[in-house]
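Colleague: Before I rely on the vocabulary used for this model, I should like to hear the reasoning behind each term. Please set the values against the criteria as we proceed.

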Amino acid sequence: MEMFLMALCMSMLGVAVAAIAFGAATRPASSSSSPVQPELRPVKAVAPGRFFTGQIMPPVAPRPHVPTEVLLTQIENHVRLEQAAAESFLESPSHAQLHTKTTSAFVN
Amino acid sequence: MANEQPELLKNLTPEEVQGVLAFGTRITVPSGSSLFQLGDPAERLFLVDRGRIRLTLPMQVRGRQEDVLVEERTSGQTVGWSALIPPHKFTLAATAPLETEVIALPREELRKYFGANPTVGYKITLNLAVVIGHRLQLFQAMWLREMQRTVEKHSA
C-alpha cells in the first residue's frame, strides 16, 4: 500500500512538472508582464536613396524678373566698364590691371 | 572738322589733309538713324566730325535679336575701316544715338589718291594700323577678362 501511494505521488509530481514545462514552452515570447502593447515608434523619414536620385532635378529657384530694357542697359553698362578696364590695362599692362573687378551687375 | 586732327589724318600736312578731305562728303545722320548695317558692302570710310556713333553687334536676348553696344566712336575718330580692308564688308552695325555729322571718304577715290601720293597713303596706312591695332588689343584684353571669369566659374 505504501509503495502504491509513493508511486502515485511520484506520478502526480511528474505530471505537474511536465505541465509546467509544457506551459513555459508554449507561452508566446512577446508576452510580457505588461498587458499593454508597447507604443510603436514612428518610422523615421526614409533615407534618401543612393541611386537613381539624379534623374529628378530639384526645381531651380526662379530669378527675379528683370525687364528686357533694364537687361539691355545692364549689358551696355557692362561693355562700357569692361572697355574702361581693358583701356586701363593697355595703358599700364600688368596681371593685376588685366583682372581688376568692375561694378558691373554681371560680375557681382 | 574738330579742333584736334582726326586720328586717321595725324602727321599729315595741312595740304595733305585738304587733299584727302577734298574727296569727302559731309553727311548728317539724324538721331536714331543707321549709318550702315552689319554685312553691308563697305564702300566708304567715315570720320566722325560731330556727335557720336554706336557700333553694335546682334545678340539674342530672351529670344529676341537685340543690337548690343560694342564700341562708341566720337568726334575725330574713324568708323568703317572695313572699307580699306578686304573683303570690304562691315562687320558691325553703326547708328547715331544723336544727330551726328560724318565725313564719308569713298574707297576707290582714296586708293587712286594714295597711288598718286604714296607718302599720304603711307601716313594714313600707319594711322589706320594704330586704330586697328588699338581695337585688337582692347578686345584681346576684354576677351581674356571674360575667359578668366568663365574659367573661375567652371573650376569653382
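Colleague: What share of chain B counts as buried?

Modeller: In this predicted model, 27% of the 156 residues of chain B count as buried. The C-alpha trace of chain B spans about 60 × 30 × 30 Å along its principal axes.

Colleague: Why is B:Thr95 called buried or exposed?

Modeller: A residue is buried if 20 or more other C-beta atoms lie within 10 Å of its own. B:Thr95 has 20 C-beta neighbours inside 10 Å, and therefore counts as buried.

Colleague: Which residues does B:Thr95 touch, and in which strand is B:Thr95 found?

Modeller: B:Thr95 belongs to strand S7 (residues 93–95) of chain B. Leaving out residues up to four places away in sequence, B:Thr95 touches B:Ser33, B:Ser34, B:Leu35, B:Arg54 and B:Thr56. B:Arg54 also stands opposite B:Thr95 in the pairing with S7(B). B:Gln65, by contrast, is 30 residues from B:Thr95 in sequence and 16 Å away in space, C-alpha to C-alpha.

Colleague: How do you know that S4(B) and S7(B) pair?

Modeller: Two strands pair if DSSP finds at least two bridges between them. S4(B) and S7(B) are joined over 3 bridges, in the antiparallel sense, so the criterion is met.

Colleague: What does strand S4 of chain B form with strand S5 of chain B?

Modeller: Strand S4 (residues 52–61) and strand S5 (residues 64–74) of chain B pair in the antiparallel sense over 10 bridges. S4(B) and S5(B) form a hairpin with 2 residues between them. In the turn, B:Arg62 has a positive phi of about 55°. Within this pairing B:Pro58 stands opposite B:Asp67 in S5(B).

Colleague: What makes S1 and S6 of chain B edge strands?

Modeller: The open sheet in question has 4 strands in the order S1-S8-S3-S6 (chain B), with antiparallel pairing. Strand S1 (25–29) and strand S6 (78–79) each have a single partner strand, so one side of each is left without a neighbour in the sheet. For S6(B), the pairing with strand S3 (residues 44–50) of chain B is antiparallel over 2 bridges. B:Leu47 has B:Thr78 in S6(B) as its bridge partner.

Colleague: What is the wider pattern of chain B?

Modeller: Chain B has 3 helices and 8 strands, which follow the pattern α-β-β-β-β-β-β-β-β-α-α along the sequence. Of its contacts with a separation of 6 or more, 79% are between residues 24 or more positions apart.

Colleague: How many residues does each chain bring to the contact between chain A and chain B?

Modeller: Chain A brings 16 residues and chain B brings 14 residues. Helix H2 (residues 68–91) of chain A gives the most to the chain A side, with 13 residues. By class, that side has 10 nonpolar, 3 polar and 3 charged residues.

Colleague: Why are H2(A) and H3(B) called roughly perpendicular?

Modeller: The axes of H2(A) and helix H3 (residues 118–155) of chain B cross at roughly 115° and come within 9 Å. Angles from 65 to 115 degrees count as roughly perpendicular, and H2(A) and H3(B) are therefore described in that way. Their crossing is right-handed.

Colleague: Which residues meet where H2(A) contacts H3(B)?

Modeller: From H2(A), A:Glu82, A:Gln83, A:Ala85, A:Ala86, A:Glu87, A:Phe89 and A:Leu90 meet B:Gln137, B:Leu138, B:Ala141, B:Met142 and B:Arg145 in H3(B). By class, this contact has 7 nonpolar, 2 polar and 3 charged residues.

Notes:
Residues numbered from 1 in each chain as written. Chains lettered and ligands numbered in written order. Predicted model: local features only at pLDDT ≥ 70, side-chain atom pairs only at ≥ 80, totals over all residues. Contact = placed C-beta atoms within 7 Å. Nonpolar A, V, L, I, M, F, W, Y, C, P; charged D, E, K, R; others polar. Buried ≥ 20, exposed ≤ 12 C-beta atoms within 10 Å, placed from the backbone. Axes fitted to C-alpha atoms, helices over the stretch in contact; angles between N-to-C directions. Parallel < 35°, antiparallel > 145°, perpendicular 65-115°, else oblique. Left-handed = near helix turned anticlockwise from the far one by under 90°.
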